[in-house]
Amino acid sequence: MLPANAQTGPAGGFATWRPIAIIALLFAVTAESLRACGPLLDQVAGPVGIVNAALIAVAIFAVPGLLLKTTGRAGTGRMPFLSITVGLLAVVRVGGGEPYLEPTLAVVALGAVLAMVALAGAVRRLGDPVTVTVGLLAGGALDLAVRSFSVTWDGLWHRGDLTGLLVPTMILAALVLLCLPRTPEVAPEANGRTWALGGYLALWTTTLGNAAFAASQSGVALQLCLAALIGVLLVAIELVRRLTLHGGTNAIAEPDHWIAGSAALAGMAGGLALAWWGAGPWVLLGIALTQLSATIAVARATAASGDRGDWAYGLVWVLPVLLFQVHYDMPLPFDNRWLLIALAVAVGLAGMGRRPFHPGGWRFDLRGLVARPALVTGVAALLLAVPALMHVTRPSAPADDTSATGLRVLSWNVKYGRDDATGQADPRQLAEAIRAAAADVVVLQEVSRGWAIGGGVDVAEYLSRELGMPFMWSPAADGQFGNLLLTRLPVSGVRTGRLPYGQGPMWRSYLKATVTLQGGRSLDVVTAHLTHRKPNTPTRLAQIDGLLAQVDPAAPTLIAGDFNFWPSWPEQRSFTSAGWVSAQDVTGHGAAWTSPTDRPTNRVDWVFGSPQVAFTDFAVLDQVAASDHFPVLATLTLR
């Protein structure tokens, strides 16, 4: 049986397409379900604390591995068990009624657990290592295409539109395929190390399938990154089909059983280092190297004998993702990117050692190496049309009719696009609030471009497309979190940089740009998000000095952002003693609080102007509760 080879024998028939399709559908569903847990767990962290929220996450994702262990491979491998699990998943995601319309952590976590168990059951039952891996790769391409269509805002959060129906439709399609009459199947030769699948899912959600990360790190447009990631998956499908494994064509010789596994481990570690420490096109090259190497490791892990460690299946996903994110509030004693390198090493080790169906020898099958692509690759290649169409149909920025007087500037900490009350990832309500404010220049803080606690959404690209406003990006922390400037006005002299780290717990950044107004005059706009802990006044003072050092005293300048200090603290004097004026105070609105939105008690969001700037109006938009901060809107003229 050569299931992944769609060119010969039964490989081109239903017996082959059925397992590939089921695994692909379940992988896409699982990836979305896991991403959805991040914002809801972060919302829980508010009332119960970070440590308790982390323990809840660990408890949730201990369940998939425990289910696999307690039911045994005989149980999870049986088709009735798999069909029942997918049926329960369909009830949660399709027939959940009102609770599903307002996703809670309990509902979403249940869906994620069921999806992980169903995916593991399908991987165990539905084919040889090559067929299984082809299904996972095809599912990755499907996941990326869906996220391209939604501009990375997953359908689980949508209400009443086509995007919200896509994943439920996938679940129903997988259930139908499982229930259709089928020909006798060949059971896998080896049990496989299912826990390694959890590691691959962690790599997928953080890096390999995180197009927002790729775009923010590389500076390449989101849809082009999505197309590139899908293209790499197509190459990976053809690579795994040629491996010396059961189900492969054996075109790629493996004379020793350690060579492929060792190369995969080194490729993953090196690729991740290039992706996370690199910049520009090197990031995409690193992701490609990691994906191709992970393909080999996962295929070999699936072919391994023994089930030791399967109890850790869900934990291998949650622990790296969780610790990576917790680092920004409770810093680890090392760079959190090393967590991903360690994860790659673990997955690589799972793919090491001898495998069944290993003839050995140095003989390469040249005809097999250059064989035409499989039909599954051609079908998956059709998904490239989605990012291509989304890229070419990106709305162009309309002409701006702003005059030189009455410029409206909005500043807002958007809490990575997560609704503060419900925990749902919802960038649409951010776009609606910004549009309603009719601001000419928008500066945002805590913008997420792929963070797990933001649901993996590229908030920058989403808002830019929705509002028809080009954006400038200033990365902070790991590059997936930072400051954003949106405007339709001409922009020049864009500069970004780090602010002093001081007491931490994360690197902060600033963004400076010159905005040209109608009439030819210009305004320098600076935005930043200063360190948030109350005792960290020395660090904030150093960061303010860093901001003011970027200012040209001869140029009209506005500095705005979430500065995390109260009016009575010494930080304000760093501005006022240098001649800066607070828009909120000079317009008579000094008593208005800006945060938190559920019970406003403080004022930490500021707009300052240089002596050449005159503020004519100011408002705290306290009817907008999408974040834990209210937007602030200042109207100004140039003297």
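In helix α9, the residues Ala211, Ala212, Phe213, Ala214, Ala215, Ser216, Gln217 and Ser218 are buried. That is eight of eight residues in a helix that spans 211-218. I should say at once that this is a predicted model, and that every value I quote is computed from it.

What covers the buried residues of α9? The cover includes four helices and a strand, namely α8 (195-208), α10 (222-241), α11 (259-277), α12 (281-302) and β3 (471-476). Directly after α9 comes Gly219, with a positive phi of about 80°.

Let me follow strand β3 from there. β3 pairs with strand β4, residues 481-487, in the antiparallel sense, over six bridges. Ala476 stands opposite Phe481 of β4. The two strands form a hairpin with four residues between them. In that turn, Ala477 has a positive phi of about 50°.

I turn now to the chain as a whole. The protein chain has 639 residues, of which 62% count as buried. Its secondary structure comes to 22 helices and twelve strands. If we take contacts between residues at least 6 apart in sequence, 77% of them join residues at least 24 apart. The exposed area of the chain is about 22500 Å², and carbon and sulfur atoms supply 65% of that area.

Next, strand β1, residues 407-413. Here six of the seven residues are buried, so the strand is mostly covered, given that buried means under 20% relative accessible area. With which strands does β1 pair, and in what sense? With strand β12, residues 632-638, the pairing is antiparallel over five bridges. With strand β2, residues 441-448, the pairing is parallel, also over five bridges. To give one position for each, Val409 stands opposite Ala634 in β12, and Trp412 has Leu444 of β2 as its bridge partner. As a general reminder, side chains in a regular strand alternate between the two faces of the sheet. The connection between β1 and β2 involves helix α18, residues 427-437, and the three elements make a right-handed β-α-β unit.

There is also an open sheet of six strands, in the order β5-β6-β7-β8-β10-β9, with mixed pairing. Why is one side of β5 and of β9 left without a neighbour in the sheet? Both β5 (491-498) and β9 (581-582) stand at the edges, and each has a single partner strand, so one side of each has no neighbour there. Within this sheet, strand β6, residues 509-516, and strand β7, residues 522-529, run antiparallel and are joined by seven bridges. Ala513 has Val525 in β7 as its bridge partner.

I come to the charged side chains. In general, side chains of opposite charge can pair when their charged atoms come close. The count in this model comes to 18 salt bridges, and I will show three pairs and one network.

The pair Glu238 and Arg242 has its closest N and O atoms 2.7 Å apart. Both of these residues are buried.

Lys415 and Asp628 form a salt bridge at 3.8 Å, N to O. This pair links distant parts of the chain, 213 residues apart: Lys415 lies in the loop between β1 and α18, and Asp628 in the loop between β11 (613-620) and β12. Are these two residues buried or exposed? Lys415 is buried, and Asp628 is buried as well.

For Glu571 and Arg540, the closest N and O atoms of the salt bridge are 2.8 Å apart. This pair, too, links distant parts of the chain, with Glu571 in helix α21 (residues 571-576) and Arg540 in helix α20 (residues 537-548), 31 residues apart. Glu571 and Arg540 are both buried. Elsewhere, Arg35, Asp143, Arg147 and Asp154 are joined into one network by salt bridges that share partners.

Finally, the surface. Val51, Leu55 and Met330 form a nonpolar patch there, with about 280 Å² of accessible area together. Of these residues, Met330 lies in the loop between α13 (313-326) and α14 (337-350). Why does Met330 count as partly exposed? Its relative accessibility is 39%, and partly exposed covers values between the limits of 20% for buried and 50% for exposed.

Technical notes. Residues are numbered from 1 along each chain as its sequence is written. This is a predicted model: local features need pLDDT of at least 70, side-chain atom pairs count only at pLDDT 80 or more; totals for chains, interfaces and linings use all residues. Side-chain values use heavy atoms; hydrogens and water are left out. Patches are made of residues with over 30% relative accessible area and no salt bridge: like charges are joined within 9 Å, nonpolar side chains (Val, Leu, Ile, Met, Phe, Trp, Tyr) within 5 Å. Accessible areas come from the Shrake-Rupley method with a 1.4 Å probe; for residues, only the protein chains shown count as cover. A salt bridge is a side-chain nitrogen of Lys or Arg within 4 Å of a carboxyl oxygen of Asp or Glu. Buried means under 20% relative accessible area, exposed over 50%, partly exposed in between (1.4 Å probe, protein chains only). Two strands pair if DSSP finds at least two bridges between them. A crossover is right-handed if, with the strands pointing away from the viewer, the path from the first strand over the helix to the second runs clockwise. Contact means heavy atoms within 4.5 Å.
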